[in-house]
Amino acid sequence: MSKLKIKRGDNVIITTGKKDIKGKTGEVIEVIKKEGKDPRVIVAGLNIVKKHVKPSASNPQGGITEKEASIHISNIALVGKDGKAAKVGYKTEGDKKVRIDKKTGETL
């Protein structure tokens, strides 16, 4: 499995998808990597879906809840300092490896 350039806590922009979420930005809550499957991410407050929940002991009422659904990692991009989508590269500064914006050269 290849190394991912998006991490939890990063600010990302959604580049493609449904018109109600395309172009919106948010923070990555979780990165989902499973063996044999493509990586996906969950972005806070975006890609909200409704889920029907059966009544249970912890939730006796049941009903319809809303939660964030995952987005394929190819449909998001890291947000640079200028607020636009940034391509990510790597550079070594001293003995540390840091992520940089390929267009501007600034560290992310």
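Here are a few exercises with worked solutions on this predicted model.

**Exercise 1. Work out the strand order of the open six-stranded sheet, and find its edge strands.**

Let's go step by step.
- Walk across the sheet and you read β6-β3-β2-β1-β7-β8.
- The pairing along the way is antiparallel.
- Now look for strands that pair on one side only: these are β6, residues 71-72, and β8, residues 85-86. Those two are the edges.

As a reminder, strands of a sheet pair through backbone hydrogen bonds, in either a parallel or an antiparallel way.

**Exercise 2. Zoom in on β2 and β3: how many bridges join them, and which residue of β3 is the bridge partner of V31?**

- Start with the ranges: β2 covers residues 25-32 and β3 covers residues 40-43.
- The two strands run antiparallel and share four bridges.
- For V31, the partner across in β3 is V41.

**Exercise 3. Decide whether D10 and R99 are buried or exposed, then find what links their side chains.**

- Place them first. D10 sits in the segment before β1 (11-14), while R99 belongs to strand β10, residues 96-101.
- Next, accessibility. The cut-off for buried is under 20% relative accessible area. D10 comes in at 11%, so it counts as buried. R99 has 13%, so it is buried too.
- Now the link: the side chains of D10 and R99 make a polar contact of 2.8 Å.
- R99 has another polar partner to note: a polar atom of its side chain lies 2.8 Å from the backbone oxygen of K5.
- Finally, the surroundings. Setting aside residues up to four places away in sequence, D10 is in contact with K5, G26, E27, V28, L78 and R99. With that same exclusion, the residues R99 touches include K5, D10, L78, Y90 and E106. K5 and L78 therefore turn up in the contact lists of both D10 and R99.**Exercise 4. Find the size of the largest nonpolar core, and say which strands each supply at least two of its residues.**

- The core has 14 residues.
- Those with the most contacts inside it are I6, V12, I14, V41, V43, I73 and I76.
- On the strand side, β1, β3 and β7 (76-79) each supply at least two core residues.
- Take V43 as a close-up: beyond four places in sequence, V43 touches V12, G26, E27, V28, I29, E68 and I71.
- V12 also appears among the core residues with the most contacts.

Key. Residues are numbered from 1 along each chain as its sequence is written. This is a predicted model: local features need pLDDT of at least 70, side-chain atom pairs count only at pLDDT 80 or more; totals for chains, interfaces and linings use all residues. Side-chain values use heavy atoms; hydrogens and water are left out. Two strands pair if DSSP finds at least two bridges between them. Buried means under 20% relative accessible area, exposed over 50%, partly exposed in between (1.4 Å probe, protein chains only). A polar contact is a pair of N or O atoms within 3.5 Å; within protein, one must be able to donate a hydrogen and the other to accept it, and residues adjacent in sequence count only if both atoms are side-chain atoms. Contact means heavy atoms within 4.5 Å. A nonpolar core is a set of buried Ala, Val, Leu, Ile, Met, Phe, Trp, Tyr and Cys residues joined through side-chain atoms within 4.5 Å.
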